[in-house]
Amino acid sequence: MKKSLIIIGAIILIIIMIGGTYNRLAVLDERVDSAWAQVENVLKRRADLIPNLVNTVKGYASHEKEVLTEITEARTKFNSANSPQEYAEANTDFNRALTSLYAVVENYPDLKANENFSELQYELAGTENRISTERMRYNESVEKFNSTIRRFPTNIMAGILRFDKRQYFEISPEDAEVPEVSF
């Protein structure tokens, strides 16, 4: 009788440990998904602002067709992205296209003074800050999740329960370079 109580107690303890580990991993996994959803949200906001910026510039720089085409292609690539890596690549293309756009803007002083353009530029700058913040939050969630599933004994349970390492949202080496600004 005493032996069977010990066995039942051990089984209950193991079930509680497995359940606790699973619940903790599920919560961390959901936090990563939630943080990624917010990254997508602010990236989408930027993608939605870009056509307005482009349309404002079109009126001034109609012959700068290749820059506007480059921005449209970058937006299309963003809209078809499915993973943090694909979003990072689309982000690089967006940044390159925006750099080209701002080079065009430098050639049109009236455009820089245009109220619509100034407002859109302000909105875009705010969105870039949001993207940076949300990317940081996402990467923090990924770091916590990944470090948890790699620690012993959780790593054993994570493997059994099929919790896999999550991918960070990393910028390209080109995005890490400081842009040259000249007046």
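Biologist: What counts as a salt bridge here, and how many does a search of the whole structure find?
Modeller: A salt bridge is a side-chain nitrogen of Lys or Arg within 4 Å of a carboxyl oxygen of Asp or Glu. The model searched is a predicted one. Over the whole structure, the number of salt bridges found is five.

Biologist: Asp29 and Arg166 meet in a salt bridge; what is the N to O distance?
Modeller: The contact is between the side chains of Asp29 and Arg166. A salt bridge needs nitrogen and carboxyl oxygen within 4 Å. For this pair the N to O distance is 2.5 Å.

Biologist: Asp29 and Arg166 link distant parts of the chain; how many residues apart are they?
Modeller: Asp29 belongs to helix H1, which covers residues 2–58. Arg166 sits in the loop between helix H6 (154–160) and helix H7 (173–176). Along the chain, the two are apart by 137 residues.

Biologist: Is Asp29 buried or exposed?
Modeller: The cut-off for buried is under 20% relative accessible area. Asp29 has a relative accessible area of 19%, so this residue is buried.

Biologist: Which residue besides Asp29 forms a salt bridge with Arg166?
Modeller: The second partner has its closest N and O atoms 2.5 Å from those of Arg166. This partner is in helix H1, 133 residues from Arg166. At a relative accessible area of 32%, the partner is partly exposed. The residue is Asp33.

Biologist: Which helices are tied together by the salt bridge of Asp93 and Lys77?
Modeller: The side chains of Asp93 and Lys77 meet at 2.9 Å, N to O. Asp93 lies in residues 84–106 and Lys77 in residues 65–79, so the pair ties together parts 16 residues apart in sequence. The helices are H3 for Asp93 and H2 for Lys77.

Biologist: Which residues are joined into one network by salt bridges that share partners?
Modeller: Arg166 pairs with Asp29, and Arg166 also pairs with Asp33. Salt bridges with shared partners thus give one network, made of Asp29, Asp33 and Arg166.

Biologist: Lys144 is part of a positive surface patch; which residues form the patch?
Modeller: Lys144 is found in helix H5, residues 115–150. Patch members need over 30% relative accessible area and no salt bridge. Lys144 has 45% relative accessibility, so it counts as partly exposed. The patch is formed by Arg24, Arg31, Lys144 and Arg151.

Technical notes: Residues numbered from 1 in each chain as written. Predicted model: local features only at pLDDT ≥ 70, side-chain atom pairs only at ≥ 80, totals over all residues. Heavy atoms only, no water. Patch = residues over 30% accessible without salt bridge, like charges linked within 9 Å, V, L, I, M, F, W, Y side chains within 5 Å. Areas by Shrake-Rupley, 256 points an atom, 1.4 Å probe, with all protein chains shown as cover. Lys, Arg positive; Asp, Glu negative; His and termini not counted. Charge placed at Lys NZ, Arg CZ, Asp CG, Glu CD. Helix = DSSP H or I, 4+ residues; strand = E, 2+ residues; numbered from the N terminus. Buried < 20%, exposed > 50% of the residue type's maximum accessible area, 1.4 Å probe, protein only.
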